[in-house]
Amino acid sequence: MSSSLQTSAPPQSAALRSFAAQWRARTLDSLSPLREQAMHKFLELGLPTSRDETWRHTNLRSLAAQSFVDAPHRGGFKMAASAALALLGDAGGAAPLLLVNGYPAMPMGEIGGMQIKSLRELSRLEPLLLRPYLEPLSDADSARWTLLNTALFVDGLYLKITARVPVPVVILHVAAGDGADSIAYPRVIIEASPGSSATIIEHHVTQGEHTPLNNSTTHIALGRDARLEHYRVYSTDAGATHLDSLYVRQERGSQCRQFTIVLGGGLVRTGLEARLDEPGASLDSNSLLVGHEDRHVDCVNIVTHGAPDTRSNQTARAIASDLSRVIINSKVIVNPGAVHAQSQQSCRGLLLSPTAEIDTRPQLEIHADEVKCAHGATTGRLDPDMLFYMLSRGLDRATAQSLLVYAFLADVLTGMSVAPARAAIEGALIAQLPDSQTLRKFR
Amino acid sequence: MLNIIDLSARVAGKDILKGVNLKVGPGEVHAIMGPNGSGKSTLAQVLAGREDYEVTGGSVTFEGRDLLALPAEERARAGLFLGFQYPVEIPGVNNVYLLKAALNAKRKAAGEPEVDAYEFLALIRQKMKLMQMSESFLTRGVNEGFSGGEKKRNEVLQMLVLEPKLAILDETDSGLDIDALKVVSAGVNSLRDPTRAVVLVTHYQRLLDYIVPDQVHVLSGGRILKSGDSSLAHELERRGYDWVGAEVA
C-alpha cells in the first residue's frame with residue numbers, strides 16, 4: 001500500500017514483519033496519510049529494547065520473535081458473567097460501553113451529557129476531529145507503541161463530554177483471542193467540553209484461553225475548567241501482555257484525577273504523558289501497582305508543566321511479592337516560562353518477599369524559576385516497629401502484615417470517589433494479599 | 001504472677017540486662033526506676049516479646065507458663081500488655097480496627113465469641129470518656145498525628161479495653177503535663193484489682209504520687225540493685241541514683 005514502506009529495508013524481527021503485513025492488508029481511509037507516517041516511524045525505530053531509556057527494565061525479546069495477526073473482530077460477542085470484576089457492582093446505572101479487541105460491541109448514541117461515537121464512523125464523517133490525536137508524536141521511546149496503534153487501529157471509541165455526566169461511565173475492554181498469536185489495538189478518545197465533568201472507568205479484562213497482545217491508547221483532552229476522574233484498571237489474566245499508553249492534555253483551569261490500578265496481567269506497561277499547557281490546569285495521578293506471582297509491571301509517567309500556575313501531584317504505591325517486579329519511572333518537566341508551577345512526586349514500594357523487586361525513579365527537569373517541586377522515593381519491607389506494635393496487641397502475624405500492606409496502599413485507595421469501584425478494587429487487591437480471609441473483616 | 005529469674009538480654013550485640021530478678025504477685029503495683037540506659041525499656045520490650053532483643057540467659061514465667069517460649073502475640077493474648085514509651089504511628093490502619101482486632105484476638109484465644117459491634121462501640125466510648133479523648137480519635141489512623149500526650153492516653157485506652165492481667169507501662173508518664181498525668185493515672189488506677197498487676201517503668205517519682213506502688217526497684221547497669229516500698233521513690237527523687245550503686249558496691 002505504501003511506496004515508502006516498500007522501499008525501506010525489510011523489518012528485522014518476526015514481529016515487525018507481521019506488523020508490516022497487517023499494514024499492507026489495511027484498506028485506505030481518510031486517515032491513511034497520518035497512519036502511514038506513524039507506521040513508517042515505528043518500523044524505522046523498531047521495537048523498544050533495553051537500550052531505550054524507559055524500557056531498560058522490560059525485555060520484549062520474546063515478543064519480537066513472534067508473528068502477530070489481528071485479534072478477531074467478533075460480532076455478537078457474549079461476555080461471560082464471571083469474567084469481569086464488576087467495578088460498579090449493582091449500583092452502576094448505565095450499562096458499560098463494551099469494546100472487544102478494540103471494536104465497539106454496543107450501539108453508539110448518547111447518554112446524559114455524553115456523546116458516544118465509533119472511530120471508524122468518525123474517520124469517515126469528521127476526520128478533522130480526529131487529526132489532532134493522530135499527529136505524529138514525539139519519537140520518545142515511551143510513545144513507540146502508540147505509533148503502531150495509530151497506524152493499525154481499525155475502530156474504537158470517541159466520547160464527547162458535553163455537560164455534567166451524573167453517573168460513572170465504564171468502558172469494558174475485553175481482550176479475547178482465538179488461537180493464533182494476535183494483537184489488538186484499542187483506541188479511545190475522550191474529549192471534555194469547557195465546564196463539563198465526568199467519571200470514566202476503563203476496565204481491561206481478558207476472556208478465554210488465548211489472550212491477544214494488547215496495544216491500547218487513550219487520549220484525554222480537557223477543555224477549560226472541565227473536570228474528569230479517570231480510572232484504568234487492569235484485571236487481565238496472568239498470561240496477558242498489555243502495553244497501554246495514556247495521553248492527557250489539559251486547558252486552562254481543568255482538573256484531572258487519574259487512577260492507574262494494576263491488579264492483573266503477566267506483563268503490564270502503563271504509560272502516562274500529561275501536558276498542562278494552560279494556567280491553572282491541575283493533575284492528580286495515582287498509581288497502585290500490585291506485583292504478584294511472576295507479574296512484571298512497568299509504569300512510566302511523564303508530566304510536563306507548560307504554563308504558569310499549573311499543578312501536578314503524582315502518588316505511586318507498589319507492592320511486590322513472589323517473583324514479581326514493579327518499575328516506576330515518574331518524571332516532571334517544567335518548561336521555560338511555567339513559573340509558579342507546583343509538582344509533587346511520591347513513589348513508595350513495599351517488598352513482600354526477598355525474591356521480588358521494585359525499582360523507583362522519580363525525576364525532575366526544571367527550566368523555569370519560582371517553581372515548587374518535590375519528589376521522594378522509598379522502597380522497603382514492612383516496618384518492624386509497626387509489626388511488633390500490632391503483635392504486642394495480640395494480632396496474629398498474617399493479619400498484622402496484611403493490615404500494614406493495606407495501610408500502605410491507603411493513600412491511593414482513599415482518593416477514589418466512586419465508592420463501589422473502590423470497594424471492588426479493594427476486594428480484588430485483598431485477594432492477592434496473604435491472609436486475605438482475615439483482612440476482609442477489616443474493610 | 002510474673003517471675004523473672006536471672007534474666008540476661010542483648011540488643012544489637014550489646015549486653016543490656018545482666019541478671020534481672022523480679023517477682024510480681026496479683027494485685028501488686030511495682031515501679032522500676034533507674035537512670036537512662038539502665039535497661040528499663042529493654043526489660044519491658046523483652047517481656048513483651050520483641051524478636052530482635054536476644055535473651056541470653058535466665059527464665060521468665062507468667063502465671064506458670066514459660067513466657068519466653070511464646071511469640072509476642074500469644075503473650076498479649078495470655079494477658080500481658082506493654083504500654084510503649086514511643087508508640088508507633090501506623091497511618092492507614094484505623095485506631096478502632098486495631099482495638100477491635102486486638103480484643104477479638106484475645107477473646108478468640110479464650111474461646112469466647114467475637115465482640116458485638118454495637119457493644120464494642122459503647123465500650124470504646126465509655127473508656128474514651130474516662131481518658132478524655134475526643135471523638136475524632138475514632139476515625140484516625142493508629143497514633144497518626146497524635147501529640148505525645150495523646151499517644152500515651154491511647155496506650156492506656158488500649159489497656160483499658162484489653163483488660164490485661166499484667167500491664168507493663170514503659171515511661172507512660174514522660175512528656176505528660178500535670179493534667180494529662182492525672183488522667184492517665186486515673187485510667188491505670190481504674191484497672192487495679194486483686195487479680196491484676198502493674199509494672200510501671202519510670203524515670204521520675206512524680207507518677208508515683210498518683211499511682212502508689214507496693215514496691216519500688218532500682219534498675220542500674222542491667223541489674224536490680226535495690227528494692228523497697230514507695231518511700232524509696234521519694235528517696236531517689238531527693239538523692240538521685242548514684243548512692244544506690246555506691247551502697248551496693
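At what angle do the axes of helix 3 and helix 5 of chain B cross? Keep that in mind while you load the view. The model is predicted.

**Stop 1: two helices in chain B**

Select residues 95-109 of chain B, which form helix 3, and residues 148-162, which form helix 5. Their axes cross at roughly 35° and come within 10 Å. The crossing is right-handed. Now show side chains. From helix 3 of chain B, pick B:Leu99, B:Ala102, B:Leu103 and B:Lys106. They meet B:Gln158, B:Val161 and B:Leu162 of helix 5 of chain B. By class, this contact has 5 nonpolar, 1 polar and 1 charged residues.

**Stop 2: an open sheet in chain B**

Stay in chain B and switch to a cartoon view. Look for an open sheet of 4 strands, in the order 2-1-4-5. The pairing is antiparallel. Select 14-24 for strand 2 of chain B and 65-66 for strand 5 of chain B. These are the edge strands, and each pairs on one side only. Next, add residues 53-62, which are strand 4 of chain B. Strand 4 of chain B pairs with strand 5 of chain B over 2 bridges, in the antiparallel sense. For a residue to centre on, take B:Thr61, whose bridge partner in strand 5 of chain B is B:Asp66.

**Stop 3: chain B as a whole**

Zoom out to all of chain B. Count 8 helices and 12 strands. The radius of gyration of chain B is 18 Å, close to the 18 Å that the globule rule gives for 249 residues, so chain B is as compact as a globular protein of that length. Its C-alpha trace spans about 60 × 40 × 35 Å along the principal axes. Colour by burial: 43% of the 249 residues in chain B are buried. Contacts in chain B between residues at least 6 apart in sequence include 71% that join residues at least 24 apart.

**Stop 4: chain A as a whole**

Switch to chain A. Here you will find 11 helices and 22 strands. The radius of gyration of chain A is 21 Å, close to the 22 Å of the globule rule for 443 residues, so chain A is as compact as a globular protein of that length. Taken along the principal axes, the C-alpha atoms of chain A fill a box of roughly 75 × 50 × 45 Å. Of the 443 residues in chain A, 51% are buried. Among contacts in chain A between residues at least 6 apart in sequence, 84% join residues at least 24 apart.

**Stop 5: strand 19 of chain A**

Is strand 19 of chain A, residues 325-334, largely enclosed or open? Select it and look around it. Of its 10 residues, 9 are buried, so strand 19 of chain A is largely enclosed by the rest of the structure. Add strand 17 of chain A, residues 296-305. It runs parallel to strand 19 of chain A, and 10 bridges join the two. In this pairing, A:Val300 stands opposite A:Asn329 of strand 19. Then add strand 21 of chain A, residues 357-366. Strand 21 of chain A is also parallel to strand 19 of chain A, joined by 10 bridges. Here A:Ser330 stands opposite A:Pro362 of strand 21.

**Stop 6: where the chains touch**

Show both chains. The contact takes 19 residues from chain A and 20 residues from chain B. On the chain A side, select helix 8 (384-391) and helix 9 (397-413), which each supply at least two residues. Helix 9 of chain A gives the most, with 7 residues. Colour this side of chain A by class: 12 residues are nonpolar, 3 polar and 4 charged.

Notes. Residues are numbered from 1 along each chain as its sequence is written. Chains are lettered from A and ligands numbered from 1 in the order in which they are written. This is a predicted model: local features need pLDDT of at least 70, side-chain atom pairs count only at pLDDT 80 or more; totals for chains, interfaces and linings use all residues. Two residues are in contact if their C-beta atoms, placed from the backbone, lie within 7 Å. Ala, Val, Leu, Ile, Met, Phe, Trp, Tyr, Cys and Pro count as nonpolar, Asp, Glu, Lys and Arg as charged, and the others, Gly among them, as polar. The radius of gyration is taken over C-alpha atoms; the globule rule is 2.2 Å times the number of residues to the power 0.38. A residue is buried if 20 or more other C-beta atoms lie within 10 Å of its own, exposed if 12 or fewer, and partly exposed in between; C-beta atoms are placed from the backbone. Axes are lines fitted to C-alpha atoms, for helices over the stretch in contact, and angles run from 0 to 180 degrees between N-to-C directions. A crossing is left-handed if the near helix is turned anticlockwise from the far one by less than a right angle, and right-handed if clockwise. Two strands pair if DSSP finds at least two bridges between them.
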